[in-house]
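Reader: I would like to go through this model with you, beginning with the ligand site. Could you take my questions as they come?

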Amino acid sequence: MTTKKRYAEPAPGPMDVEAFRHVVTSRRSVRQFTQTPIPQAVLDDCLDMAMLAPNSSNLQPWEFYVVRTPARRAALIEDCMGQNAARTAAELIVIVARTDSWREHARMNLSEFPMQPVPKMVKQYYGMLVPLVYNQGPLDSFGRVRRGLARISSRVRAVPRGPCSLEEMRLWAAKSTALAAENFMLALRAHGFDSCAMEGFDERRVARLLKLPRHALPIMVIAAGERAPDGVYFPRLRFARERFVHTV
Ligand SMILES: Cc1cc2nc3c(=O)[nH]c(=O)nc-3n(C[C@H](O)[C@H](O)[C@H](O)COP(=O)(O)O)c2cc1C
């Protein structure tokens, strides 16, 4: 009998935690940037690192719109209520969560899977389970059925409760996309650039500006560039760990 060798990726060696800490602690929300542009290679690298974020079922429900054309940029600044961070940014990137790309991305997880032949478990996951879990059906009808079934099954065992509606799909997509946004901002910092995440924008107008389809949700606009000497307005404040961490 032949035993199949499982894929293995051993833990990498020691990391420079102080370098990582420096990236994390020096990231601040910057509201005033210099006019120094971000080199395209740096921006591309940061976007690539953004897309390495963990994400639900590896369905990668994100999109990044680098807004450059002068008319669009001016409109986007206006849609961000003229915030300083937006006005002075070298680049404005709209980060979009998609609730509809899962179907194509499930297929791509199979066609581009980095092991051939595709393991049976992976085939079943993307071929059967994913369509079952993420397809909400007309007016969330499939989701409602799943929710009802989950209620019954949960009396005897733990069951996944969602997403069971288009609204829950928005939350589902936003979770993974926000992780990509954080990767992006940390990557910018590691390259010596800075950012400001903004949710202070008119979501509908931004969607219209970018001609986004119905199932695309702009979750953040990221202003990015080189920090001006007076670009950070206040010292950082975080509350005590005890307030948030509960060891139970
Ligand atoms: C989802 C989100 C939305 C935000 N929206 C805005 C915004 O519209 N305008 C702004 O100036 N800052 C915005 N911020 C930045 C926060 O105000 C900032 O992260 C917070 O005050 C902590 O400061 P720090 O990032 O310098 O640590 C946002 C941050 C996040 C994560």
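**The ligand site and the helix contacts**

Author: Certainly. Please keep in mind that this is a predicted model. In it, a nitrogen atom of the ligand is 2.7 Å from an N or O atom in the side chain of Gln-83.

Reader: Which atom of the ligand is 2.7 Å from the side chain of Arg-28?

Author: An oxygen atom of the ligand; its partner is an N or O atom in the Arg-28 side chain, at 2.7 Å.

Reader: And Glu-199, does the backbone or the side chain supply the N or O atom there?

Author: The backbone does: a backbone N or O atom of Glu-199 lies 2.9 Å from a nitrogen atom of the ligand.

Reader: How much of the ligand's accessible area does the protein cover?

Author: On its own the ligand has 620 Å² of accessible area, and the protein covers 67% of that.

Reader: Which residues are around the ligand?

Author: There are Arg-27, Arg-28, Ser-29 and Arg-31, then Gln-83, then the run Cys-196, Ala-197, Met-198, Glu-199 and Gly-200, and finally Arg-236 and Arg-238. By class, this shell has six charged, three polar and three nonpolar residues.

Reader: Let us change topic. What is the secondary structure of the chain?

Author: The chain has 10 helices and four strands. Their order from the N terminus is α-α-β-α-α-β-α-α-α-α-β-α-β-α. The C-alpha trace spans about 65 × 50 × 40 Å along its principal axes.

Reader: How do H5 and H6 cross?

Author: Helix H5, residues 102-111, and helix H6, residues 120-134, cross at roughly 175 degrees, and their axes come within 9 Å. An angle over 145 degrees counts as roughly antiparallel, so that is how H5 runs relative to H6.

Reader: Which residues meet there?

Author: From H5 they are Trp-102, Ala-106, Asn-109 and Leu-110; from H6 they are Val-122, Lys-123, Tyr-126, Gly-127, Val-130, Pro-131 and Tyr-134. The contact of H5 with H6 comprises eight nonpolar, two polar and one charged residues.

Reader: What about the loop between H5 and H6, which proline lies in it?

Author: Pro-117 lies in that loop. A cis peptide bond joins Gln-116 to Pro-117, with omega about -5 degrees. Most peptide bonds are trans.

Reader: And at what angle do H1 and H8 cross?

Author: Helix H1 (residues 17-26) and helix H8 (residues 166-190) cross at roughly 110 degrees, with axes that come within 9 Å. These two helices are therefore roughly perpendicular to each other. Val-23, Val-24 and Ser-26 of H1 make the contact with Leu-186, Arg-189 and Ala-190 of H8. That contact has four nonpolar residues, one polar and one charged.

Reader: One last check on the backbone: what is the phi of Asn-58, and where is this residue found?

Author: Asn-58 has a positive phi of about 50 degrees, although it is not a glycine. Asn-58 is in the loop between helix H2 (40-50) and strand E1 (62-67). Most residues other than glycine have a negative phi.

Methods
Residues are numbered from 1 along each chain as its sequence is written. This is a predicted model: local features need pLDDT of at least 70, side-chain atom pairs count only at pLDDT 80 or more; totals for chains, interfaces and linings use all residues. Side-chain values use heavy atoms; hydrogens and water are left out. A residue is near a molecule or strand if one of its heavy atoms lies within 4 Å of it. A polar contact is a pair of N or O atoms within 3.5 Å; within protein, one must be able to donate a hydrogen and the other to accept it, and residues adjacent in sequence count only if both atoms are side-chain atoms. Accessible areas come from the Shrake-Rupley method with a 1.4 Å probe; for residues, only the protein chains shown count as cover. Ala, Val, Leu, Ile, Met, Phe, Trp, Tyr, Cys and Pro count as nonpolar, Asp, Glu, Lys and Arg as charged, and the others, Gly among them, as polar. Axes are lines fitted to C-alpha atoms, for helices over the stretch in contact, and angles run from 0 to 180 degrees between N-to-C directions. Angles under 35 degrees count as roughly parallel, over 145 as roughly antiparallel, 65 to 115 as roughly perpendicular and the rest as oblique. Contact means heavy atoms within 4.5 Å.
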